[in-house]
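Visitor: Please take me through one part of this model closely. Then place that part in the rest of the chain.

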Amino acid sequence: MAFKILALGDVVGECGTKFLTRPGFLSGIKREYGIDLTIANGENSAKGNGLTPDSADSLFDAGVDIITGGNHTWQKNQVYSMLDDDGRLVRPANFPGKAPGVGYTYADVNGVRVLVFNLSGNAFMLEPVASPYEWADKILENEAGKYDVSVLDFHAETTSEKIAMGWYLDGRVSAVFGTHTHVQTADGRVLPKGTGYITDIGMCGSMNGVLGVKTECILHKFTVHTPCRFEEATGDEHLHGAVFEIDSSTGKCISVETIRK
Ligand SMILES: [Fe+2]
């Protein structure tokens, strides 16, 4: 049976969250593509950055089933207990165990058991973390036999580290998508052993700035090299993501399609 997963790129700020959660918007896209499960990277869905219970709840209310994270997941401490208690939230598994939250979770969609896990890369990331490759192995070994479909949000900076992870997991995971760089890449494809892969699915937020931040701040940083408080960009909001069509009886990916709305 074909099972369709919609993965949404980093939801950036209050503006990205408001745009995505407008009544009928996400539900319309899910209907258009026949989506069974929706995953969004929400580590920056709160005003400014980070994740809050409010931003998470608005994404859930709009039709997101699972929220993944990254290096900014813990920016706002009011979400810590929700990270521990709400099974719809994951944060990178390869952060220290004392950090609130869990690195993988399950969704059961009409009897299809979906393992969703989240890892952080190391190259050019501010926080060095444990090997995402070893953590991927550990999770897949521990959970073997418990799922029909598996999906990884690999939150990493460099294209090479993400592509390497795609090859590492080819044939072992149904879909691997990259997040964090906020720019959708044009390399969505099914790898030879059946893993759907894309280096970055993009972002849900304003295209008026630089990766969702006001252009003036970023230009100041690059031209003057003194601090500038980041503010969200607004206007010309877009949704970027990818749809993975998966055969739920084999766990193999059939097709990968990028979307931009
Ligand atoms: Fe990030």
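Guide: Start with strand S13, residues 240-247. This is a predicted model. S13 is mostly covered, with six of its eight residues buried. Strand S1, residues 2-8, runs antiparallel to S13, and seven bridges join the two. Within that pairing, Leu6 stands opposite Val243 of S13. S13 is also joined to strand S14, residues 252-260, by eight bridges, and this pairing is antiparallel too. Here Gly241 has Ile259 of S14 as its bridge partner. Four residues lie between the strands in the hairpin of S13 and S14. In that hairpin, Gly251 takes a positive phi near 80°.

Step back along the chain from S13. The loop between helix H7 (215-223) and strand S12 (237-238) holds His225. Its phi is positive, near 65°, although the residue is not a glycine. His225 is exposed, because only 12 or fewer neighbours are allowed for that class and His225 has 7 other C-beta atoms within 10 Å. Asp236 lies in the loop between H7 and S12 as well. Asp236 is not a glycine either, and its phi is positive at about 50°. With 11 other C-beta atoms within 10 Å, Asp236 also counts as exposed.

S12 leads to a sheet. Three strands form it, open, in the order S2-S11-S12, with mixed pairing. Strand S2 (10-11) and S12 are the edge strands, each pairing on one side only. S2 pairs with strand S11, residues 203-206, in the parallel sense over two bridges. In this pair, Val11 stands opposite Cys204 of S11. Helix H1, residues 13-20, packs on this sheet. H1 touches S2, S11 and S12, and its direction makes about 110° with that of S11.

There is another open sheet, built from six strands. Their order is S5-S6-S7-S8-S10-S9, and the pairing is mixed. S5 and strand S9 (189-190) stand at the edges. Each has a single partner strand, so one side of each is left without a neighbour in the sheet. At the S9 edge, S9 and strand S10, residues 196-198, pair antiparallel over two bridges. Val190 has Gly196 of S10 as its bridge partner.

Helices lie across this sheet. H6 crosses S7, strand S8 (175-179) and S10, running at about 170° to S8. H5 lies across S5, S6 and S7, and runs at about 160° to S6.

H5 deserves a closer look. This helix covers residues 132-143. At 1.5 Å a residue, its 12 residues should span 16 Å. The end C-alpha atoms are 16 Å apart, which agrees. Which residues of H5 are buried? They are Pro132, Trp135, Ala136 and Ile139. Seen down the axis of H5, the buried residues fall within an arc of 105°, so they line one face of the helix. An α-helix has 3.6 residues a turn, so residues three or four places apart point the same way. On the other side of H5, Glu134 and Glu141 are exposed. The buried residues pack against strand S5 (104-109), strand S6 (112-120), strand S7 (149-155) and helix H6 (159-169). After H5 comes Gly145, with a positive phi near 85°.

Now the whole chain. It has seven helices and 14 strands. Its C-alpha atoms fill a box of roughly 55 × 40 × 35 Å along the principal axes. For 261 residues, a compact globule would have a radius of gyration near 18 Å. The protein chain has 17 Å, which agrees. Of its 261 residues, 48% count as buried. Consider contacts with a separation of 6 or more: residues 24 or more positions apart account for 65% of them.

Return to S13 with that in mind. S13 is joined to S1 by seven bridges and to S14 by eight. Six of the eight residues in S13 are buried.

Notes:
Residues are numbered from 1 along each chain as its sequence is written. This is a predicted model: local features need pLDDT of at least 70, side-chain atom pairs count only at pLDDT 80 or more; totals for chains, interfaces and linings use all residues. A residue is buried if 20 or more other C-beta atoms lie within 10 Å of its own, exposed if 12 or fewer, and partly exposed in between; C-beta atoms are placed from the backbone. Two strands pair if DSSP finds at least two bridges between them. The expected span of a helix is 1.5 Å times one less than its number of residues. The arc is that of the directions from the helix axis to the C-beta atoms. Two residues are in contact if their C-beta atoms, placed from the backbone, lie within 7 Å. Axes are lines fitted to C-alpha atoms, for helices over the stretch in contact, and angles run from 0 to 180 degrees between N-to-C directions. The radius of gyration is taken over C-alpha atoms; the globule rule is 2.2 Å times the number of residues to the power 0.38.
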